[in-house]
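Here is a short report on one protein model. Please keep the sequence and the structure in view while reading.

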Amino acid sequence: MKISAAAIDQPRFVIVCTMILIVAVVMVALNIPVQRTPAISKAVVLVAVPYPGAQPVEVEEQITSKIEDALQKLKNVDFIASTSMRGSSVTQIIFLDGVDPDQARGEVKDLVDEIRRDLPVAREVQPSVTDIDFENTPLMLVNMTAPEGFDEAALKTLAEEVQEELETIPGVSNTQLFGGRERELHVNVNVDLAAEYGLTLGDFRRALANFHAEMPAGELDTGTFDFRVRNETQFRGVDDIRNAIISEVDGKVIKIGDVATVEDSYRRLKNVALLNGGSCATIIVNKEADINTLAAAISVKEKVAELRPQYPNIKFRITRDQSAEISIMFRVLGSSFIFGAMLVLVILAWTMGLRISFLVLTAIPLSSAVGLIALYALGIPVSNMVIFAFILVLGMVVDGAIIVAENIHRHIERGEDPVDAAKIGIEEVGTPVIMADLTTVAAFLPMLLVPGIMGDFMRVMPEVVSVSLLGSVLVDHFFIPVVAARWYGRRKASDVVPDKTVHEAIARDEDEAEIRIRPNLGLFTKIYIYILRWGLQNRWAVSLCTILALVWAGFMMVHVQKEFFPPSDRGQFEVKYELPLGSSIHQTIAAAEAIQQPLRELGARPNSELVNFVSALGSSEGLASRLENDPAVGPEFGTVMVELLSPLDRERHERLILAELREQFDQTVKQFPGMTYTIQEVEEGPPGGAKVAVRFTGDDLEQLGYVADMTTAGMRQIEGAVDVKSDYRNLNPEIVVEPFPEVVGMYGMSEMQVAQAIQTAINGDTTIELNLGGRGRHAAAAGDERLSGVERTARTHHAYQPHRQEGDHRPNGQNRPRDQLVRREPLRSQAGGDGQVRRDREP
C-alpha cells in the first residue's frame, strides 16, 4: 500500500495525528452525554381525560368512544388502545416507525380539539394530549422525612420549596411531588340550619367568592398628590371566613359562621409516600432528553447537599439514583473491558513475545478513541449498549492488528531492514485486513433495519462496530507499521536460521525452494502443524466431525431456552398490590404492612442485601411505567419500590431473594381478604412490558371479563407462570341516585342541578383558592360531617338545590329535600369496576 509506505517514510505526520487523537478523545470523554440506556424515538401519544366520579361504563360512552371515533382519521397508526377507568379515560396511540413524535402529537391534538365540545361539560373534563417521551424518565427520587410529630402540611410546604430549587437545575425537565398533606380550609355547612334560612350550597359559594374579591383599586388623583388605593377585600384567615355575610333574614344578618363550621384542616388524603415504612414526601426528578444523565444526577445531588443545612430537622435520602446505576454499569462493563484487554496482552505475550503484544495492544485504545469521537460527532450518547458493543468489538480490532504486526515481525526475523519489513508486511496483508473488516461491518449493518423500539435500542451496536473497525483500519495501516519500523532493530545474520524440523513436518514438492521462516517456533505451533497434516491426510474424518457438529447445533437450537432480552440482576424490583375496589386509602396503608414487614425483616439481618424501599400508595401515577403496565390508579392500589445492594456487593442473586420474599408475601397477604400482588423486576433492555399479553375484544364487557378471568385461571396452572393477572375488575360498590323527572320539574329544577348539588355535598366545592400567608389554599364548601363516606352518600337528601334565581320560588316557598326529588337504590356493584373497559383498534 503506497499510502502506508508514505506514512512509514514520514512518521512525524502519523505521530502528530496520534497526539491530536489522544487530546480529542480526552475532550470528548469529558463532554459526551452519558445515559443508562439508548434513546428511543418511537411515536406514542397519550390522550388522558379526567372525569371525576364517573364509572367506567360512563367514561366509555361519554368520552372514550368519541375520542376513538375522532382518531380514526389518523394515518400511519400501528394500533390504538383505550382504557376507561373510574374517573378517567386514557387512549394510547402507537404510530408506525419513522413518524415524528412532535408531528404525531400535533395531529392527535387537532382531532381531539374538534370533538372537545362533544365531551361532558365540567371544569375538570379537560383533555390532555402528550407524547410519551422515553427519555423523560425519573432521574432519581428525593425523599424528605421529618421527626415524629412534625406537621405533615409543613413537610409538604418544605418539599415544595425544595421542588422549586430542583427544577432550576440544568437537565431537569420537571418534578412531581407526592406524599405529605396539603392544607385546606373546610367550610362544613350545617344543612339543617341552612334549610331553615333557605340557604343553598350555591349561596355559600357565591358568598365566599364575593367577600374574597381580588381586585385592584387604582390611583386617587387629588390634584396635589396621587394616592395608590388598595382594596383590603381578601380573606386573611379563618375568622374572616366566619364573619363573611351570606344572607339577611328579617333584618338579621346571617354569617357563614352561624350556619357552618370553618376549620383549617387538610385536603382529602389521596396518596401517601413511605420510606422504609415511615412517612415522607417524595420528589420525582425527571430528566430532559438528550442530556448527560450522569452530570445532571451529580448536579441534583450537589443541590440536595447544598439544601441540607437550610433544613436541619429534615432528613434527605436519594433513591432510584440513575447515576449510581451508571456507575455500577461502568464498574461492570469497564472492568470487563480492562480484563479482556489484559487477557489479550497475556495471550499475545505468551505466544508471540512481549514487544509485539504491546504493539498489538495499542490497537484497542486507539480504535476505541476513533469510535468514541465518531459517536460524539454523530450525537450518540454513551450507554450500556455502547460499552457492550465496545467490548464486543475488542477482539475484532485485535484480529487485524495481530495479522499486520505478526507479518511485519516475520519479515524482521528473516533479517530484513525494519523499514522495508514494515512496508512489505503491510503491502502483503493490508487489503485482506480491510476486506475482513468490511465483511464484519456488513454482517452488523442489517441490525440498522430492525424496526420499532427494539431497533432504536439495538442500532447502536452496528454503529459502534462500524466506527471502531474504521479506527482499527487506520491503526493497522498507519500506526502499527510506523511504530514497528522504528521500534524494531535489524536482526543479525547469525540469528536468522531455518527451522528444518518445521520444514520436514510440512508436505511439499521436492523441487520447492526452501523458505526462511522465524526460528524456534513454539510447542503449540508445532502441534498445530502436525494436526493440520493429519487432517489433510484424513479428510473423511474432518467431514464427519463437521456433519456431527451441525446436527448437534440443530438439536441444541430446539432445546435451548429463548428470551426476548436476557435477564439481568439490577438489584431493583417493584411490588404492586391492590385491594378490592372501594377500599379506602387508609385500608391500603394498613395493607402495605403485608409487603413492608418481610422487607423490614430482610433489612434487619446482618450483612443485609436491602438498601431501602419506597412505598407509593394511592394515586402515584407520577412514577414512570412501561407501555404494557396496568394503568389503574386509585386509593386501592400501592407500589413498593425496593432497592438492593449492587450485584458486585452481595452474594445472592436477585432471583433467590425474590423467591424467598414471594413465599413470605403469600403468607402475609392472607391477612387482608381480596388483596393481590405482583412482583416486577427492573430489567435491562427496551420497554417491553409483560412476557405474554393477551387482549380480548368485543362489545359485551361482562362477557369479556368472564373470558379474561377464565383465561387467567387457566394460565396460572402453567408451570413456571407467575404474576398472572387481568386488568378487568368488577364488584365496584356504588349507590345510584336517580332523580324523579316529574318532581324535579315541579320545582323548576333540572337533573343537572340535582347532580351538581349531590357532587358538592359529597366532594365539596374547591373552586375557591385563597392566598393566605403567601401560599394558595383551597376553601372547600361541603355538607357537614354527617355526609362522610358511605353515610354521606346515603344521606344526600340533606343537600338542597345549588341554584336559586331571584323571584323563583318553590311551591309553598319551601326548599324541598332531595329524598322527595330522587330515588336512592340500595348498595350494588358495577360490573367493570375500576376501569378496565379496554379496547384495541387497528385503523
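Where is the place of asparagine 607? The loop between helix H22 (593–603) and strand E17 (610–618) holds this residue.

## Overall make-up

The model is predicted. The protein contains 27 helices and 26 strands. Of its 843 residues, 45% are buried.

Long-range contacts carry much of the count. Among contacts with a separation of 6 or more, 78% are between residues 24 or more positions apart.

## Two residues with positive phi

Asparagine 607 is not a glycine, yet its phi is positive, about 55°. The residue is exposed, because its relative accessible area of 77% lies over the 50% cut-off.

Arginine 320 also has a positive phi, near 50°, and is likewise a residue other than glycine. Its loop runs between strand E15 (315–319) and helix H11 (322–352). Is arginine 320 buried or exposed? Arginine 320 counts as buried, since its relative accessibility is 16% and the cut-off is under 20%.

## Helix H5

Helix H5 covers residues 152–166, 15 residues in total. At 1.5 Å a residue, H5 should span 21 Å. Its end C-alpha atoms are 21 Å apart, so the expected span and the model agree.

Which residues of H5 are buried? They are Ala153, Leu155, Lys156, Leu158, Ala159, Val162, Gln163 and Leu166. A lysine and a glutamine, Lys156 and Gln163, are thus on the buried list.

## Packing of H13 and H14

Two packed helices are described by the angle between their axes and the distance between the axes. For helix H13 (residues 363–378) and helix H14 (residues 384–413), the angle is about 135°. The axes of H13 and H14 are 9 Å apart. That angle makes H13 oblique to H14, because it falls below the 145 degrees over which a pair counts as roughly antiparallel and outside the 65 to 115 range for roughly perpendicular. The crossing of H13 over H14 is right-handed.

Which residues meet at this contact? H13 supplies Ala363, Ile364, Ser367, Ser368, Gly371, Leu372 and Leu375. H14 supplies Val386, Phe390, Leu394, Val397, Val398 and Ala401. By class, the contact has ten nonpolar and three polar residues. No charged residues take part in the contact of H13 with H14.

Methods. Residues numbered from 1 in each chain as written. Predicted model: local features only at pLDDT ≥ 70, side-chain atom pairs only at ≥ 80, totals over all residues. Heavy atoms only, no water. Axes fitted to C-alpha atoms, helices over the stretch in contact; angles between N-to-C directions. Helix = DSSP H or I, 4+ residues; strand = E, 2+ residues; numbered from the N terminus. Parallel < 35°, antiparallel > 145°, perpendicular 65-115°, else oblique. Left-handed = near helix turned anticlockwise from the far one by under 90°. Contact = heavy atoms within 4.5 Å. Nonpolar A, V, L, I, M, F, W, Y, C, P; charged D, E, K, R; others polar. Expected span 1.5 Å × (residues − 1). Buried < 20%, exposed > 50% of the residue type's maximum accessible area, 1.4 Å probe, protein only.
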